[in-house]
Amino acid sequence: MKQNKFYLLAAATALLLSACNNEEVPGTQESDLARFTGSIEGVKTRAYDTTWENGDQIGITGTSGWETYSNMTYNWNASGYFTADQKDIYYNTPEDVAFTAYYPWKTELNSSTSYDFNTDAQSQQKTFDFLYATGTGSKYEPEVEFNFTHCMSKLSFIVKAGADVTLDEVKAAKYSLRSFLNNGTFDRVTGKVNAAGSVLTAPWAFAYSSIEADNAPSNVSTERNSVTYNLILVPQTFESYLFFTASVLLDGINLQEFYANIDFSEIEGNGNVNEMKPGYQYNVTVNVNKTGLSVGKCEITPWKELSGSIEATM
């Protein structure tokens with residue numbers, strides 16, 4: 001009889017241990033795994049080019065129950081989701097969890113919430129083309145959709161061959177800017193970019209620069225007889241004008257320097273303020289003539305659509 005009691009007790013103990021081992025531990029089960037997708041204003045794209053690329057990295061921060069996830073690295077992949085680079089994020093609570101995310105991920109933001117950067121190297125725009133998003137999820141609705149917004153300003157110069165100037169001369173010209181701020185600070189908590197440093201008073205070349213990394217991406221259009229240069233810059237308010245310079249070799253012998261002033265307060269829809277705003281793309285048409293430059297229509301597309309025109313002071 002005692003032996004039977006022993007067997008019954010052993011069987012009950014084994015059953016209890018089995019039940020404990022099969023019990024879900026919060027924050028470790030597949031059902032508690034957070035899943036992240038990313039879009040920019042409804043379209044799966046980013047500012048630097050047109051699509052996310054495999055390996056693009058974002059940083060995700062949020063507190064779930066007892067655990068705080070800070071600047072966790074997530075990689076974009078062809079499945080349409082961001083996946084953890086090293087450590088997954090889990091829901092450790094039945095409550096909703098708020099997350100923030102930014103692009104591109106920076107290791108320096110592990111130890112700080114702000115990152116200092118410079119926009120001179122326009123050929124490497126993807127390193128400072130900051131995006132920011134917030135999102136909410138839970139273990140019952142684990143998918144978090146980040147709708148990223150642009151933190152920087154985009155300035156596109158459409159440089160057109162005007163009277164008695166060839167497209168080849170426009171393509172070979174050196175273009176520069178001055179009287180603006182080329183340094184900034186990005187805050188991963190708020191998603192804000194603040195201009196920093198001193199106003200650049202010396203001309204900074206973004207086309208045919210002797211510093212190869214500073215040359216901005218460009219596109220040639222034979223139909224429009226123009227070259228378009230796309231710059232990613234720090235949102236900022238200008239003290240006076242943004243100064244544009246073109247150094248053009250005409251007829252192969254005469255090196256001419258032309259100047260134009262750009263006042264953003266004259267752009268319709270820009271709030272009558274002389275500034276470049278975050279999330280706006282400013283398309284400025286510059287006509288190169290033998291007699292000088294003329295700055296024509298300015299449009300704000302496609303991030304936020306506005307249109308207007310400005311006059312250049314020669």
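1. Asparagine 71 sits in strand S3 (residues 67-76); strands here are DSSP runs of E with at least two residues, helices are runs of H or I with at least four, and both are numbered from the N terminus. What caught my eye is its phi, a positive value of about 55 degrees although the residue is not a glycine. Asparagine 71 is also buried, at a relative accessible area of 2%. For that term, buried means under 20% relative accessible area, exposed over 50% and partly exposed in between, with a 1.4 Å probe and protein chains only.

2. A word on what we're looking at: this is a predicted model, where local features need pLDDT of at least 70 and side-chain atom pairs count only at pLDDT 80 or more, while totals for chains, interfaces and linings use all residues. Numbering starts from 1 along each chain as its sequence is written, and side-chain values use heavy atoms, with hydrogens and water left out.

3. Serine 179 is another non-glycine residue with a positive phi, near 65 degrees. Its place is the loop between strand S10 (174-178) and strand S11 (183-187). With 16% relative accessibility, serine 179 counts as buried.

4. Have a look at the peptide bond from tyrosine 103 to proline 104 too: it is cis, with omega near -5 degrees. Proline 104 belongs to the loop that runs between strand S5 (97-103) and strand S6 (114-118).

5. Now the open sheet. Four strands make it up in the order S13-S10-S17-S18, with antiparallel pairing; two strands pair if DSSP finds at least two bridges between them. At the edges are strand S13 (204-207) and strand S18 (254-262), each pairing on one side only. From one strand to the next, the twist averages 25 degrees, taking axes as lines fitted to C-alpha atoms (for helices, over the stretch in contact) and angles from 0 to 180 degrees between N-to-C directions. S10 and S13 are joined by three bridges in the antiparallel sense, and serine 176 has alanine 205 in S13 as its bridge partner.

6. Strand S20 (residues 281-289) holds valine 284, which counts as buried at 1% relative accessibility. The C-alpha atoms of valine 284 and isoleucine 158 are 6.0 Å apart, although their positions lie 126 residues apart along the chain. Glutamine 281 is in S20 as well and is buried, with a relative accessible area of 9%. Its side chain makes a polar contact of 2.8 Å with that of asparagine 283. (A polar contact is a pair of N or O atoms within 3.5 Å; within protein, one must be able to donate a hydrogen and the other to accept it, and residues adjacent in sequence count only if both atoms are side-chain atoms.)

7. There are five salt bridges in the structure, each being a side-chain nitrogen of Lys or Arg within 4 Å of a carboxyl oxygen of Asp or Glu. One of them pairs aspartate 32 with lysine 139 at 3.3 Å, N to O. Aspartate 32 lies in the loop between helix H1 (2-22) and strand S1 (35-40) and lysine 139 in the loop between strand S7 (131-137) and strand S8 (143-150), so the pair ties together parts 107 residues apart in sequence. Aspartate 32 is buried at 1%, whereas lysine 139 is partly exposed at 29%.

8. Another salt bridge links aspartate 251 and lysine 290 (3.1 Å, N to O). Both residues are partly exposed, aspartate 251 at 48% and lysine 290 at 35%.
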